[in-house]
Amino acid sequence: MSRLFKRLWPFGLGSEIVGVCQALTENPAAPMLAQQYAAIKRDLDDKGILFSFSGYLSEGILYSLGEALREKMALEEADGPTIRRVFSVFVEQMQNIIRYSAEKMSGRAGHPVELSAGMVTIGMEDGKVFIVCGNTVRNGDVPRLKQRLDHLKSLDRNGIKSYYREQLREDPDDGSRGATLGLIEIARRASDPIDYDFDAMDADRSFFCLKVRV
Amino acid sequence: MDSLIIPATGRTPGVSFDFVGGHLRMTGESYPDDVAGFFGPVFDALRGYLSCPDGGPIRFDMELLYFNSSSAKALMNILQMLETVAKAGRPVTLTWCVEENDESMRELGEDFAEDLRHVVFRMREIPAGGGP
């Protein structure tokens with residue numbers, strides 16, 4: 001696991017949890033449930049995390065988490081444009097997971113259902129909001145994604161803006177279900193350059209993480 | 001021709017296209033779970049209206065407070081349709097409403113207006129607090 005990924009992954013494989021697991025093996029009768037989850041909660045709190053969701057995501061979850069995020073920010077008296085900037089990055093990241101996660105299930109349960117596995121984490125760090133999304137991607141898609149992210153990282157504010165204008169007038173890429181604009185929109189609303197990382201899982205898949213500060 | 005009225009929901013915009021009066025308006029926020037499903041009927045109605053030869057002036061008020069990147073593409077399509085009829089001589093005015101201090105939306109307005117040559121583009125500031 002790379003260093004950046006370790007830093008980004010809020011649920012740890014952290015020392016506390018490993019410690020708990022060892023204790024559990026040594027003394028199976030110990031009341032560990034609350035302690036175990038309290039450690040996870042503490043780990044999230046220590047990292048300044050406001051919300052974290054890991055599991056199967058859907059458009060419905062996007063909507064509900066998005067509402068909660070906006071309400072939380074409104075209670076903290078963030079102004080409308082700031083709330084919308086954070087919300088915008090959140091929506092684009094969630095929709096990227098929903099559309100492009102390599103771990104999906106779909107079917108019908110009375111209505112069409114499509115669920116994509118991934119995680120989204122929102123927190124505060126050095127006075128800025130950060131949003132991290134993580135999901136499985138196919139190794140074959142990694143080079144192209146890297147290339148696009150590196151291109152965005154190499155652009156300054158004006159460069160991002162003209163790239164957006166150019167892509168706004170293009171037809172979407174093959175295989176893209178939305179607009180090719182999503183990542184540019186994210187980079188545009190970010191206050192610092194975006195951070196990304198990949199962690200190889202096996203011959204076919206990697207775990208992809210994108211961290212954006214707003 | 002009938003008007004196209006679609007009430008706003010939490011994530012789809014309010015559409016109020018008064019084709020008789022030539023006044024088109026979009027309000028609220030746009031990040032539908034199915035962009036093509038939402039905008040398809042809007043495009044169809046607009047295409048039908050723009051192909052009618054009456055040629056009266058058109059006023060389009062863009063009052064969205066937020067739209068996602070997929071909706072941006074859809075909005076661009078709408079503006080391109082309007083630019084085409086404006087180029088053919090029909091007067092079209094686009095008013096891009098921006099909540100005060102919303103620099104992102106102001107910049108987006110400039111992005112969208114960049115290659116409008118025949119549509120008259122106006123930026124209008126509205127007071128803050130119009131929505132979340």
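**Figure 1. Salt bridges across the whole predicted model.** If you search this predicted structure from end to end, you find 26 salt bridges over all chains. Some of them hook up into a network, made of R157(A), R165(A), R188(A), E107(B), D111(B) and E114(B). The next views pick out a few pairs.

**Figure 2. E114(B) meets R165(A).** Here the two side chains form a salt bridge, with N and O 3.0 Å apart. E114(B) sits in the loop between α3 (103-113) and β6 (120-126) of chain B, while R165(A) belongs to helix α7 (residues 157-168) of chain A, so this pair joins two chains. How exposed is E114(B)? It's partly exposed, with a relative accessible area of 40%. R165(A), on the other hand, has a relative accessibility of 16%, so it counts as buried, the cut-off being under 20%.

**Figure 3. D111(B) meets R188(A).** This is another salt bridge, and its closest N and O atoms are 2.5 Å apart. Which helices does the pair link? D111(B) is in helix α3 of chain B and R188(A) is in helix α8 of chain A, so to speak a handshake between chains. Both D111(B) and R188(A) are buried.

**Figure 4. E185(A) meets R189(A) within one helix.** Now look at a salt bridge whose partners both come from helix α8 (residues 182-189) of chain A. E185(A) and R189(A) are four residues apart, about one turn of the helix. Their side chains meet with an N to O distance of 2.6 Å, and both residues are buried.

**Figure 5. The six-stranded sheet of chain B.** Follow the strands of this open sheet across and you get the order β1-β2-β3-β4-β5-β6, with mixed pairing. Which strands are at the edges? They are β1 (4-6) and β6 of chain B, each pairing on one side only. On average, neighbouring strands are turned by 15° against each other, direction ignored. As a reminder, strands of a sheet pair through backbone hydrogen bonds, either parallel or antiparallel. Strand β5 (residues 92-99) of chain B and β6(B) go for the parallel sense, over seven bridges. Zoom in on that stretch and you'll see C97(B) standing opposite R124(B) in β6(B).

**Figure 6. Two helices lying across the sheet strands.** Helix α2 (residues 69-87) of chain B lies across β3, β4 and β5 of chain B, and runs at about 170° to β4(B). Chain A sends a helix here too: α5 (residues 80-100) lies across β3 (23-30), β4 (58-67) and β5 of chain B. What angle does this helix of chain A make with β4(B)? It runs at about 80°.

Technical notes: Residues are numbered from 1 along each chain as its sequence is written. Chains are lettered from A and ligands numbered from 1 in the order in which they are written. This is a predicted model: local features need pLDDT of at least 70, side-chain atom pairs count only at pLDDT 80 or more; totals for chains, interfaces and linings use all residues. Side-chain values use heavy atoms; hydrogens and water are left out. A salt bridge is a side-chain nitrogen of Lys or Arg within 4 Å of a carboxyl oxygen of Asp or Glu. Buried means under 20% relative accessible area, exposed over 50%, partly exposed in between (1.4 Å probe, protein chains only). Two strands pair if DSSP finds at least two bridges between them. Axes are lines fitted to C-alpha atoms, for helices over the stretch in contact, and angles run from 0 to 180 degrees between N-to-C directions. Contact means heavy atoms within 4.5 Å.
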